[in-house]
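Visitor: I'd like to learn how to read a ligand site. Could you walk me through one?

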Amino acid sequence: MKVLVINGPNLNLLGLREPSLYGARNFAALQEFIRSSAASLGIDVELFQSNHEGAIVDAIQAAYGACDAILINPAAYTHTSVAILDALKAVALPTVEVHLTDISTREEFRRFSYVSLYAQKTICGKGFDGYKEGLEYLNSLQ
Ligand code: DQA
């Protein structure tokens with residue numbers, strides 16, 4: 001199984017970015033964590049990060065016919081992007097939404113997720129472990 005793992009804006013600044021919320025480990029550590037979690041499940045992963053909405057839409061479209069599933073942390077675009085929701089619906093791949101923090105207990109504007117309107121599962125507030133849980137869920141669908 002091949003999974004496209006997408007990380008949205010500002011996640012490349014993990015470690016530097018609000019460490020009291022997002023933790024002290026950096027983005028390279030997250031990528032390594034995802035790679036080793038995937039390897040332990042026998043999943044082939046493609047890692048993609050962008051700060052640009054259109055680039056994320058392009059990556060989702062490119063997954064059609066190339067990947068079996070998508071794991072996405074859309075970051076701030078979670079709460080704003082109809083375009084990312086529409087791209088996910090268009091390619092119609094099994095999709096898990098993941099957030100490092102628990103968006104349901106933060107500011108009001110973070111409580112709504114467009115991506116949740118399509119994702120088969122949403123995992124929040126489990127830090128890096130949420131990505132592993134998401135990969136396990138996608139693996140279980142095979
Ligand atoms: C986030 C939560 C979003 O509200 C925020 O904009 C992010 C990260 C998370 O992983 O907890 O950038 O998706």
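Guide: Start with the make-up of the shell around the ligand: 5 nonpolar, 4 polar and 3 charged residues. Here Ala, Val, Leu, Ile, Met, Phe, Trp, Tyr, Cys and Pro count as nonpolar, Asp, Glu, Lys and Arg as charged, and the others, Gly among them, as polar. This is a predicted model, where local features need pLDDT of at least 70, side-chain atom pairs count only at pLDDT 80 or more, and totals for chains, interfaces and linings use all residues. Residues are numbered from 1 along each chain as its sequence is written, and side-chain values use heavy atoms, with hydrogens and water left out.

Visitor: Which residues are around the ligand?

Guide: A residue qualifies if one of its heavy atoms lies within 4 Å of the molecule. Here they are Arg17, Tyr22, Asn73, Ala75, Ala76, His79, His99, Leu100, Thr101, Ile103, Arg106 and Arg110.

Visitor: What polar partner does Arg110 have in the ligand?

Guide: For a polar contact, look for a pair of N or O atoms within 3.5 Å; within protein, one must be able to donate a hydrogen and the other to accept it, and residues adjacent in sequence count only if both atoms are side-chain atoms. Arg110 places a polar side-chain atom 2.9 Å from a ligand oxygen. Backbone polar atoms join in too: Leu100 has one 2.8 Å from an oxygen of the ligand, and Ala76 has one at 3.2 Å from a ligand oxygen.

Visitor: How much of the ligand's accessible area does the protein cover?

Guide: Accessible areas come from the Shrake-Rupley method with a 1.4 Å probe; for residues, only the protein chains shown count as cover. The ligand has 320 Å² on its own, and the protein covers 99% of that.
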